[in-house]
Amino acid sequence: MSGVDHILRSNLSSAVRFFQAMSLHELRAYVLEHREDEAAFHALVDRYKADYPNRVSYPAPKTPEDFQEISRILRERLGK
């Protein structure tokens, strides 16, 4: 077990502090390397919400019409 894994498993509050000390880029890289780490994933989602409070999100498309609408929105947003 690596030193990081030991810290994260020993105490959840230590894990929270560990994630808070990371930059967004470092936290994202950590989550990609430790995909089973739910605490890290939740920390990443919380960080995105805090860093980008005015972001626009859309529900996942479920029908062909939804896909067309999302395509239209993306083209509009990207200026294409």
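What share of the contacts in the protein chain with a separation of 6 or more comes from residues 24 or more positions apart? The share is 27%. The model you have open is predicted.

**Whole chain**

Start with the protein chain in cartoon view. It contains five helices and zero strands, and the pattern read along the sequence is α-α-α-α-α. Then colour by burial: of the 80 residues in the chain, 21% are buried.

**Stop 1: the rings of H2 and H3**

The structure holds four aromatic pairs. Select Phe18 and Tyr30 and show their side chains. The ring centres lie 6.1 Å apart and the planes meet at 75°, so this pair is edge-to-face. It joins distant parts of the chain: Phe18 belongs to helix H2 (residues 12–21) and Tyr30 to helix H3, twelve residues apart. Are these two residues buried or partly exposed? Phe18 is partly exposed, at 23% relative accessibility, whereas Tyr30 is buried, at 8%.

Add Phe19 to the selection. Phe19 and Tyr30 also form an aromatic pair, this one tilted, with 5.6 Å from centre to centre and 55° between the planes. This pair too links distant parts of the chain, with Phe19 in helix H2 and Tyr30 in helix H3, eleven residues apart. Phe19 has a relative accessible area of 3%; because buried means under 20%, Phe19 counts as buried. With all three residues on screen, you see a cluster: ring pairs link Phe18, Phe19 and Tyr30.

**Stop 2: from Tyr30 to Asp37**

Keep Tyr30 and select Asp37. The side chains of these two residues are joined by a polar contact of 3.1 Å. Where in the chain does Asp37 lie? Asp37 is in the loop between helix H3 (24–33) and helix H4 (38–51). Although it is a loop residue, Asp37 is buried, with a relative accessible area of 14%.

Now show the backbone of Ala39. One side-chain oxygen of Asp37 lies 3.2 Å from the backbone nitrogen of Ala39, and Asp37 thereby caps the N-terminal end of H4. The side chain of Asp37 therefore has two contacts to display here: the polar contact with the side chain of Tyr30 and the cap on H4.

**Stop 3: along helix H4**

Select H4 as a whole. At 1.5 Å a residue, its 14 residues should span 20 Å, and the C-alpha atoms at its ends are 20 Å apart, in agreement. Next pick out its buried residues, which are Ala40, Ala43, Leu44 and Arg47. Turn the view to look down the axis of H4: the buried residues fall within an arc of 100°, so they line one face of the helix.

From Arg47, go back to Phe19, which is in helix H2. How far apart are Phe19 and Arg47 in space, C-alpha to C-alpha? The distance is 9.5 Å, for residues that are 28 apart in sequence.

**Stop 4: charged side chains on H5**

How many salt bridges does a search of the whole structure find? The search finds two. To see the first of them on this tour, select Glu69 and Arg72, whose side chains meet with an N to O distance of 2.6 Å. These residues are three apart in helix H5 (residues 64–78), so about one helical turn separates them.

Keep Arg72 and add Glu76. Their side chains meet in a salt bridge of 3.0 Å, N to O. Arg72 and Glu76 are four residues apart in H5, so the separation is about one helical turn.

With Glu69, Arg72 and Glu76 shown together, the salt bridges form a network that links them. Finally, colour these residues by accessibility. Glu69 is partly exposed, with a relative accessible area of 36%, and Arg72 is likewise partly exposed, at 35%. Glu76 has a relative accessible area of 57%; because exposed means over 50%, Glu76 counts as exposed.

Terms used: Residues numbered from 1 in each chain as written. Predicted model: local features only at pLDDT ≥ 70, side-chain atom pairs only at ≥ 80, totals over all residues. Heavy atoms only, no water. Helix = DSSP H or I, 4+ residues; strand = E, 2+ residues; numbered from the N terminus. Buried < 20%, exposed > 50% of the residue type's maximum accessible area, 1.4 Å probe, protein only. Polar contact = N/O pair within 3.5 Å; in protein donor to acceptor, adjacent residues only side chain to side chain. Expected span 1.5 Å × (residues − 1). Arc of directions from axis to C-beta. Salt bridge = Lys/Arg side-chain N within 4 Å of Asp/Glu carboxyl O. Phe/Tyr/Trp six-rings, centres within 6.5 Å; stacked < 30°, edge-to-face > 60°. Contact = heavy atoms within 4.5 Å.
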